[in-house]
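Thank you all for coming; I would like to take a few minutes on one model, and on how some of its parts pack together.

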Amino acid sequence: MTDVSITHANPEVDRAPAAILEIEDLVVKYPLRVGWFGRANQYVYAVRGVSLSVNAGQTVALVGESGCGKTSLGRAALGLIKSAAGRVRFGGELISAMPRAAMRPLRPRMQMVFQDPFSCLNPRMPVATIVGEALLAHGRCGKSQLHQRVNDVLAQVGLEAQHKSRYPHEFSGGQRQRIGIARALALEPELIVCDEPVSALDVSVQAQILNLLQELQDRHGIAYLFISHDLNVVRYLADRVAVMYAGEIVEHGDAQAVLETPAHPYTRALVRANPVPDPDSPDESVVLEGEVPSLTDEVIGCAFRTRCADAHAECALTAPARTRLDSGVEVACHLYTRPNGLANAQSS
């Protein structure tokens, strides 16, 4: 590898002024075992001190293997689950400590598209009710305008007005996901968290949904926090990529820079594991051996060290600082801070 210049990242300086969503040192934990008087005495730490921002009209992809905390981060960002520590700001307002009643005026501005396009739709409701109930609940239109508004939203996602009287079981998987997108789009949100929105769909249908999301973003300026494990999907849609491992972000930056020249050993393994549609291409996949760290215990040092071929003694003692490469990518790895490593770090 060639040497690169590195400076320590400064979140306060680097924060984009147009950020619609700002996450700072977020921690999400779930009770694992309950002791006396119903008090939890052991927790699973799904998200461990994550900081991330999403700019208006931008797509930030959150990638990583199953169980790394992607969905928990997305739900906590919208206030759907409570965080144990950290701060979440939406549109400049601190929402992580807001009571539910105070969050209600902000709900139309932030929506979510779920992974399973069938289980997230009420099977007893026709499409008109699924898409229109939020419009009535938030006073976005009266009953006299509801039908026209529902028709307009359905048209934007590629469905016809006649579909609004049907029920979810009467649609294909791709059509059901369009209904889920229509429900999120109806309130004209500024941010949509997309939790694996195409993973349950056929490849040809995936392309249609991705094109639809891109068209809606271009038309309405919507920001996406796009959760996925498919790097081909991420490469097509994302402006920036954040790579999660064991509840932490280990690499973050421009999508092309992260996916074409991955810096963190874990990101390199993910990229090399991604199938290449070329039978003559050499197999460069990396098999990660070792144990995944326990999410119930405090992680000392680097969480990836037990599976990393480049791990050194220092990795077991201290957590790696986030450093910035010349490409603008931020990476948390001791390889970039050791005097005899890939580069010498310089304080900014």
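I will speak about a pair of helices and then about a pocket.

Please keep in mind that this is a predicted model, in which local features need pLDDT of at least 70 and side-chain atom pairs count only at pLDDT 80 or more, while totals for chains, interfaces and linings use all residues. Residues are numbered from 1 along each chain as its sequence is written, and side-chain values use heavy atoms, with hydrogens and water left out.

Let me begin with the helices, where helices and strands are DSSP runs (H or I of at least four residues, and E of at least two), numbered from the N terminus. Helix α4, residues 127–137, packs against helix α5, residues 143–156, at an angle of about 120°, and their axes are 10 Å apart; the axes are lines fitted to C-alpha atoms over the stretch in contact, and angles run from 0 to 180 degrees between N-to-C directions. Why is α4 called oblique to α5? It is because of that angle, since under 35 degrees counts as roughly parallel, over 145 as roughly antiparallel, 65 to 115 as roughly perpendicular, and the rest as oblique. In contact, meaning heavy atoms within 4.5 Å, Val127, Ala128, Val131, Gly132, Leu135 and Leu136 of α4 meet Lys143, Leu146, Arg149, Val150, Val153 and Leu154 of α5.

Turning to the pocket (an open set of points on a 1 Å grid over the protein atoms alone, where a 1.4 Å probe fits, with protein on both sides within 12 Å along at least five of seven lines), the second largest one has a volume, the space filled by probe spheres set on the points, of about 450 Å³. It is lined by 16 residues, of which Arg107, Met110, Gln111, Ala134 and His138 are the closest to its centre, lining residues being those with an atom within 4 Å of a point. Helix α4 returns here, as one of the elements that give two or more residues to this lining, together with α3 (100–103) and β7 (110–113).
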